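Me: I'm new to reading protein structures and would like a close look at one part of this one. Could you pick a small spot, walk me through it slowly, and then show me what sits around it and elsewhere?

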Amino acid sequence: MAVSAAGEPDDEDVKRCLHDDGPIERPIGSVEDKWKLLPAFLKVRGLVKQHIDSFNHFVNVEIKHIIKANEKVTCDADPTFFLRFSDVTVGTPSAEEDMIVSEIKPQECRLRDITYSAPIIASLEYTRGKKEIVRRRGMVIGRMPIMLRSSKCVLHGKSAEELARVGECPIDPGGYFVVRGVEKVILIQEQLSKNRIIVGKDNKGKVMASVTSSTHERKSKTNLVTNGGAILLRHNTMTEDVPIVVVLRAMGVESDQEILQLIGMEPTYVEGMAASLREAVVLGVTTQAKALDFISHKVRGFSRPWGSSMRQSRVDEARDVLANVVLAHVPVVAYNFWPKVVYVCQMLRRMISAQHDPSQIDDMDYYGNKRLELAGQLLSLLFEDLFKKLCAELKRQADAVLSKPTRAAAFDIAKCIRQDTITLGFSHAISTGNWSVKRFKMERSGVTQVLSRLSFISALGMMTRIMSQFEKTRKVSGPRSLQPSQWGMLCPSDTPEGEACGLVKNLALTTHVTTDDDEAPIARLAMNLGVEDVHLLPGLDFGGNGRCTLVFINGMLLGMHRDPDRFVRSLRTLRRCGRLGEFVSVQLHPTQRTVHIAADAGRVCRPLIVVEDGVPAVTPVHMSELAEGVRDWQDFIREGLIEYLDVNEENSSEIALYERDVHADTTHLEIDPLTILGVCAGLIPYPHHNQSPRNTYQCAMGKQAMGAIACNQHERIDTILYLLVYPHQPLVKSRTIDLIGFSKLPAGHNAVVAVMSYSGYDIEDALILNRASLDRGFGRCIVMRKYSANLKKYANQTSDRIVAPPSATGAVKSVQLQRFRVLDADGICAVGERLQSGDIFVNKQVPVNTSDTITNTEALAGAGAEAFRPSPMSYKGPPHHDTYIDRVMISSNENDHFVIKIRVRSTRSPELGDKFSSRHGQKGVCGLIVGHQDMPFNDFGMAPDIIMNPHGFPSRMTVGKMMELLAGKAAVLDGHLRYGTAFGGDKVDDCASVLVKHGFNYAGKDFVTSGITGEPLAAYVFFGPIYYQKLKHMVMDKMHARARGPRAVLTRQPTEGRSRDGGLRLGEMERDCLIGYGASMLLNERLVHSSDGFIAHVCQKCGLLCHHLGCRNCRTSIHTQPMRLPYACKLLLQELQSMNIVPRLTLSDT
Amino acid sequence: MAATRRPDALPPHLSDKHKHVTCASDAPTYTSTPEYAGVYASLGIDNSLDLDELRREVRIDVKSLTADEMVFDVVGIDAPIANALRRILLVEVPTMAIEKVWVLTNTSIIQDEVLAHRLGLIPIRADPARFEERGDSESNESNTLCFRLTAKCTHNADKSTDAEPYTGARVLSSQLTWVPQGDQAAGFAAEPPRPVHDDILIAKLRPGQEIEVECWCEKGVGKTHAKWSPVATASYRLLPRITFHQPVHGPLAAELKALCPLDVFDIEDVAGVPTAVAARPRSCTVCRECVREPAWAERVSLQRVRDHFIFSVESTGAMPPDRLVRDALGVLKQKALDTAQLLKDTRAQADGDVDMAGAVGAADE
């Protein structure tokens, strides 16, 4: 054991270095204060740290690697020419306007519709002319959109006051981009992990092993499949499947014995390989040369990268494919195939054992096999592609210029660098969401989404959303169902209903997604800890009987270890000491006899308290230090009290949920069970008492709830903004609510609810509202809408303009002036004016001639009114509802001359049909608004704000809602907010005793008197505050009816849709009913008279449509008959005629 | 059959149901008043209303009266009458409230209509009797009160650390100043109209922001909008009545006393045995703790007296509560008179129609 003796640190040494602060055996911390670690965690990591970390890693580390990998641009025409990028950095966000570079703030970008981006600054050296080598620094090669709150963002490290000063909300988590004024989120993408052996079944039910290799250069998928007992290798570069033994021979393992030794000498494996070995013999492939020759006939002529024009023999080509394309992630140095051979044999071993034991088949949905792709990774893919494109462009230009024999001046390639390639590439990709990376043939759409600012929760929920690559249309339940390995990593409740159910997921509260960690030092460390290098091992050790375990790092075979338990323990100890990255995971797989060290990006992990010898490492002493502020989250990590576990490592750990469950074998302790939920489900009080789908419904509805959306909400000009006038913070909170700042940006009201029947207007979940409550501001909301006008510049130097409203002189009648009422002298509406439907708010004019060049300067000045055509923007809104101009912003950006944004505002009180919901997935519309005097009242004279029908409870089983009512009532009575935290919270018993103490019934049921009869109700009524959300669906936005109105031009049928004041369609099913009923007159009225009835003239002689004065075809008018038919029918006949089909009508009297 | 007008003559089990609402632990029973005159006809008892008797029996005791709240008992009336009074108090007694707001300047972050809404809800102390409802007529001094609110926020000149950084940052209701219209100055000299409370926060300002609005108060009732409601709340409850099915002695009595969170029970010496008695039934809130356990429900009977209404009128401060009750009774009386008149008119009209018909018929002949 020469290797281990050289470098392995003694276990005791490691332990000493970890616990240098003395023995750990101290009293156990009490369960109550453990959750206080969460605020510390969120203070350091934030809610969207995964996005920010990923982006930071990209702009600080990854981008440099990419440049380094593609640093050189050469020229075919001139061998002395070169361009080399030596360094690259991303600057601070700025904007360049009229050659002036100025720092920009995100809020400015939102308002002015510009991109929040920073220059990518490169240092380069290149040849100019013959001998001169130029070095340039500070060359801007493009602009990179900057993620808010990332290390490059101006908001980074700013305090709340500083954030407020730059117009930013301190509670906003960041993690998104502002591209052309639109907030865009790059959603987390979930995919199967790369470079890992996955044993599964093909569509015939046969066992197969597959590996998706991914390197910087290429991605390829290698499959091992079975065909009649023999195992074959399937790869895109091969025209057909190649027997695996042939492949192994081609890689230099010629003897059958060696192959079997590499796989394992146990009878199962020998038998499993028998058919394959026989096949090779049958094929006559017994040597490496024969094998390569065999494979060379199967290799598809693949397009080699430009530059290597050297012709190769087919055998060399086959060898190259085996070395570089098949299992590309296993490096083959100087055609030493040994690591790859071992890897293939491992795949075979896994496959054969899975053939005998189905439990060895990997679960595709197991979350340890999944990787999450974040903004940084996606951007780095894009950047590498764009950078290669830039380099290719430069090369093409260099080729073009340098191939010409004579040149006027020395060719300066730096002048050819176009910033737009990268700048536009980024902004286009982010704003459309289409990710196309040519070298991987990747074509993905919907990668980015507009950040939903409907409510604070919807924005936050979007930042934790995970999209699956799985197609939505497929009707399989596997990928959609909740996998046990998702415990603690993904929220079990927060997923949409319907087609994306289970495919769109959300991160749990404390989940972190890793970024790439350099694997070389880890490999070195592993070697020092006694791993025997794979290159140095004889075949015998891999399979069979030796007590040895293979060590993989990021799916790549590193070597073998003889004492895996100690190896794993030492690695973990080192990690707890901080000698290894905190996110590196080590997993011992006992059945496969492998140790997996993972340091790759995209693994989900979460923090857990370390337990050693049955004692949690975190003690009350630590907690009190945390409370005093002398200790922070990083200290816990640094001292190895808390560590991050990924899904794989979690699988080999024993995690206690509560401290009382800790026993001798326990390795970790949960910080708090509430962390298994995400931010949306975290809002629900007592979610553990609800029927599970109700929590899912609330997760969807919480995103539609109105309230405060951000601290800078009044400074924002969003397309539509729903705000509550008087939002409340909930009486029954949860820890999550405190952690995410929901109580500062709440969305709802604490409504006093009486659970009783009232009138008949409360059936089907309808709610009864108290008019007095509405008068006092309950559910009152502000709806703000944006209208924007851009003044365009045209090619012929003309541009749009805004003119003052016409004054009441002469020809202009005062009635016509009515429409210009709200305009100021500058032609733009004045702030505070009341808008009515039809009012003009921007008096814009567009030049008539935008294509021809106008030479006359006078015409250019636009003095002539005839040169412009009015194109005013007018307001269209519901009648009898007040809307006001809230804000007018005039600015400019690089695309348009002027940007004018107008925000209009209307305040709405709840009305019949508006939608409300509690936090338990119990939505309902307002069915009736009742005056205070008619509402039931309790002994204190209190009338409820909302009456909810008790039928909402039995089938929904939302016990949490009842508990919320009790806890809320207790909160009101003793003036202390209550907690309904998941798997915890205030006890019902405690709340009930508070009620009793204040003279209320212990069950929350009050003696209630009817407000109508004045007599007591014959039942006690469950009465108390419940947090109600007003949802964005309001009747005013949806109500629509028409008697008559516009018609479509082509068909003359009524238009469709509310926005076009359309008709209500009598569809085919309704038509069928009328036909079935025999209501022919009604049918005729609906389909012809009230729709597109038309009198056409038909020539009875030729049967074609004709002019009413006579048929031009028959040159007579005597056969012409008028006929009533739908205009669409007339249109059809004419269209048929135009296609040389003659529809002839035969008329007869009925 | 000569029915007696004595519900007291009812057999005990019926009399109990007639007079009391029983608050069992699961649900209240016998909640509605037997109104039909002939309910007890088979027992020879007449249940019809006798006005004289009502006049004789009805009792009003004012239990407490402060500037804001009045508590009084009304005994001997039916629930509909009590409820009518409650309903009128809530929504039909007129008050003055800000109805129109003319925004001259508003650079605060509070939107104009929200500001107007907030202003509207401020209770105004002004005697509504001295105003008319505006209806569709023009505003004038007889139907409108005018207030002006001018507020501006500036940086505080005093830069010391403990001083407020801004002056005028909080706009309070005290800043509403009455602007007398016409002869109002003289008429209201004794008690100038003003907001009831001086410390109602209307808006918060920051330096550079200002508000200048003119508010017009009008007379209205709570039916139109809750801002005109003169009461914070007005309601009644029935007098609790606690009796014992069987006497509660000794340790049980102490247990019962401890059971009640509102200390309704006392322990008295009855014939040498410490016995529980319901000493303070008024303070009972009908929380049913004393009948929660089945064993206790067998011993204790929790009831409410059907015709004993404990009224509580809590004024917003615009008018004293006793005045509100008087006004409400006035409205009730007026309603009764109106109804009586309406009936009379209808009768007269019906008679007239008959007469007319007769007359026409006669003419025809």
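Reply: Let's start at a hairpin in chain A: S45(A) and S46(A) form it, with four residues between them. In that turn, A:Gly921 has a positive phi of about 65°. Keep in mind that this is a predicted model. Strand S45 covers residues 915–918 of chain A, and it pairs with S46(A) in the antiparallel sense over three bridges. If you want a pair to click on, try A:Ser917, whose bridge partner in S46(A) is A:Lys923.

Now stay on S46(A), because there's a general rule worth having in mind: in a regular strand, side chains alternate between the two faces of the sheet. What other strand does S46(A), residues 923–930, pair with? It is joined by four bridges to strand S35 (residues 767–770) of chain A, and these two run parallel. The pair to look for here is A:Leu767 and A:Cys926, the latter in S46(A). So S46(A) runs antiparallel to S45(A) and parallel to S35(A).

Next, compare that with another sheet in chain A. This one is open, has four strands in the order S1-S2-S5-S6, and pairs in the antiparallel way. Its edge strands are S1 (72–74) and S6 (132–145), each pairing on one side only. From one strand to the next, the twist averages 25°. At the S1(A) edge, three bridges link that strand to S2 (residues 82–90), and A:Val73 stands opposite A:Leu83. Helix H14 (residues 420–432) of chain A lies across S5 (117–128) and S6 of this sheet, running at about 20° to S6(A).

Chain B has an open four-strand sheet too, ordered S5-S14-S7-S11 with antiparallel pairing. Strands S5 (95–106) and S11 (176–179) of chain B are at its edges with a single partner strand each, so one side of each has no neighbour in the sheet. Inside the sheet, eight bridges join S7 (residues 145–152) to S14 (residues 210–220) of chain B, and one pair to find is B:Phe147 with B:Cys215. Helix H4(B) lies across S5, S7, S11 and S14 of chain B, at about 150° to S5(B).

How do the two chains meet? In all, 45 residues of chain B are in contact with 44 residues of chain A, and the chains bury about 3,600 Å² between them, 52% of it on carbon and sulfur atoms. There are three salt bridges between the chains; one salt bridge to look at joins the side chains of A:Asp934 and B:Arg87 at 2.5 Å, N to O. Among the elements giving two or more residues to chain B's side are helix H3 (79–91) and helix H4 (112–120). The largest share, seven residues, comes from H3(B). By class, that side of chain B has 19 nonpolar, 13 polar and 13 charged residues.

Finally, here's a salt bridge within one chain. Over all chains the structure holds 84 of them, including one between the side chains of A:Glu240 and A:Lys298 (2.9 Å, N to O). A:Glu240 lies in the loop between S13 (230–235) and S14 (242–243) of chain A, while A:Lys298 lies in the loop between H10 (288–296) and H11 (314–325), so the pair ties together parts that are 58 residues apart in sequence.

Notes: Residues numbered from 1 in each chain as written. Chains lettered and ligands numbered in written order. Predicted model: local features only at pLDDT ≥ 70, side-chain atom pairs only at ≥ 80, totals over all residues. Heavy atoms only, no water. Contact = heavy atoms within 4.5 Å. Buried area = accessible area lost by both parts, 1.4 Å probe. Salt bridge = Lys/Arg side-chain N within 4 Å of Asp/Glu carboxyl O. Nonpolar A, V, L, I, M, F, W, Y, C, P; charged D, E, K, R; others polar. Pairing = 2+ DSSP bridges. Axes fitted to C-alpha atoms, helices over the stretch in contact; angles between N-to-C directions.
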